[in-house]
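The exercises below go through one protein model step by step. Try each task on your own before reading its solution.

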Amino acid sequence: MILFRNVLFLIFSFSFVLIGQDKPKNIILLIGDGMGVNYVAASFFDDENNPYKNFKSIGLSNTASANRLITDSGAGATVLATGYRIINRNISVDSSGNSLKTVFQVAKEKGKSVGLIATSSVTHATPAAFYAHVDDRGRETDIAYQLSDSDVDVIIGGGEQFFLPNVLGGSRKDELDLINKMQLNGWTWLDKFDHQAIIEAKKVLCLMEKNGLKPASDRKHTLGDFTKAAIENLKNNENGFVLMIEGSQIDWAGHDNLQDYLLSEMRDFNTAITEAFNFAKEDGNTLIVITADHETGGMVISGGDIDGKNLKLSFNSKSHTAGFVPVFSFGPSEELFQGILENYEIGRNLIFLLDPAHNF
Ligand SMILES: [Zn+2]
């Protein structure tokens with residue numbers, strides 16, 4: 001009887017937590033690929049417009065994958081997209097090859113719109129984890145096919161070659177023109193950024209380069225410009241939206257140990273955070289979560305002036321590391337993302353906020 005009462009108490013307490021949880025209408029997840037804690041510190045000194053002081057809810061995340069302390073971007077994004085740690089190089093499948101439901105799929109079940117923005121190809125590991133299920137992140141033409149069959153409403157980034165056959169200048173060997181297919185299925189296709197066209201489109205596929213976008217320093221439009229346009233499109237859904245934004249090339253700068261590239265990609269990522277934050281503050285019903293899939297390069301700030309000028313960044317590695325990554329959150333239920341987190345808790349919290357009945 002005592003046991004029974006304890007079980008009842010536990011069920012009651014858990015339901016109470018679920019009922020009491022403040023659920024956001026919209027979720028904006030910003031992923032700085034490779035952005036360890038020192039990346040934020042460096043950007044804090046380097047970028048006078050950095051947005052980090054706006055966030056009072058701060059956490060740290062352990063980025064391990066299912067089989068490695070040091071994750072790759074496939075497993076690193078999957079855990080954020082699905083709430084499950086998986087084997088490196090896989091994309092949103094478990095070790096038996098079964099598809100794992102993603103935060104985008106759960107959002108769609110709830111009638112929300114979904115969007116993704118990346119400065120890499122939109123078929124790169126991080127964005128792919130939100131809509132595709134494959135056993136190797138390198139299969140970008142297969143991932144593109146899955147995107148063409150998906151219901152992602154707003155797609156902004158690079159990677160046009162994976163959507164077009166060889167004869168049209170693409171890298172597809174199957175002769176399929178997925179851009180044409182997607183246009184027939186209601187997406188507006190853009191090959192350059194067009195704010196007005198994006199906000200007016202019902203669904204939009206904006207692929208600005210054959211592969212990744214130009215680095216931020218050579219690009220006319222910032223990640224913040226893309227973010228603003230995507231939000232203006234997605235906010236038309238009265239059920240809300242989920243938007244994932246990746247600062248993809250932060251990781252590339254880390255791999256190449258390039259200080260100027262790293263800092264300018266961080267400045268670009270900060271413009272997206274600022275746009276997302278301004279919207280969320282005004283809206284009052286939008287949760288923002290900013291984190292990374294892993295740290296890259298073992299970067300430390302090894303020198304600089306007292307005012308943060310003349311920074312010197314040093315690197316210990318050309319690869320990913322197991323350094324903790326930061327988690328910033330703002331909006332309804334931001335407290336779920338405070339403290340020391342396992343990376344799978346971030347994905348699970350996001351899915352839980354969309355569907356409290358979802359089982360893990
Ligand atoms: Zn990487």
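**Exercise 1. Describe the geometry of the zinc site and where its donors sit.**

Solution. The site of the zinc ion is irregular, with angles of 56 to 150° among its four donor atoms; four donors count as tetrahedral if all angles lie between 85 and 135 degrees, four count as square planar and six as octahedral if opposite donors are over 155 degrees apart and all others between 65 and 115, and anything else is irregular. For comparison, the ideal angle for four tetrahedral donors is 109.5 degrees.

Next, name the donors (N, O and S atoms within 2.8 Å of the metal, or 3.2 Å for Na, K and Ca; water is not among the atoms, so sites may look incomplete). The protein donors are Asp-251 (OD), listed twice, His-255 (NE2) and His-320 (NE2), lying 2.0 to 2.5 Å from the zinc ion, and along the chain they follow the spacing D-x3-H-x64-H.

Then look at helix α10 (residues 249-255), where Asp-251 and His-255 are separated by about one helical turn because they are four residues apart. Helices (H or I, at least four residues) and strands (E, at least two) are DSSP runs, numbered from the N terminus.

Finally, check accessibility, where buried means under 20% relative accessible area, exposed over 50%, and partly exposed in between (1.4 Å probe, protein chains only). Asp-251 is buried at 6%, whereas His-255, at 25%, counts as partly exposed.

A note on the source: this is a predicted model, in which local features need pLDDT of at least 70 and side-chain atom pairs count only at pLDDT 80 or more, while totals for chains, interfaces and linings use all residues. Residues are numbered from 1 along each chain as its sequence is written, and side-chain values use heavy atoms, with hydrogens and water left out.

**Exercise 2. Why is strand β1 (residues 26-32) largely enclosed, and which strands pair with it?**

Solution. Begin with burial: seven of the seven residues of β1 are buried, so the strand is largely enclosed by the rest of the structure. Both faces are covered, with Asn-26, Ile-28, Leu-30 and Gly-32 buried on one side and Ile-27, Leu-29 and Ile-31 on the other. In a regular strand the side chains alternate between the two faces of the sheet.

Now turn to the pairing, for which DSSP must find at least two bridges between two strands. β1 runs parallel to β8 (residues 286-291), joined by six bridges, and Ile-28 stands opposite Ile-288 there. β1 also pairs in the parallel sense with β7 (residues 241-247) over six bridges, where Met-244 is the bridge partner of Leu-29.
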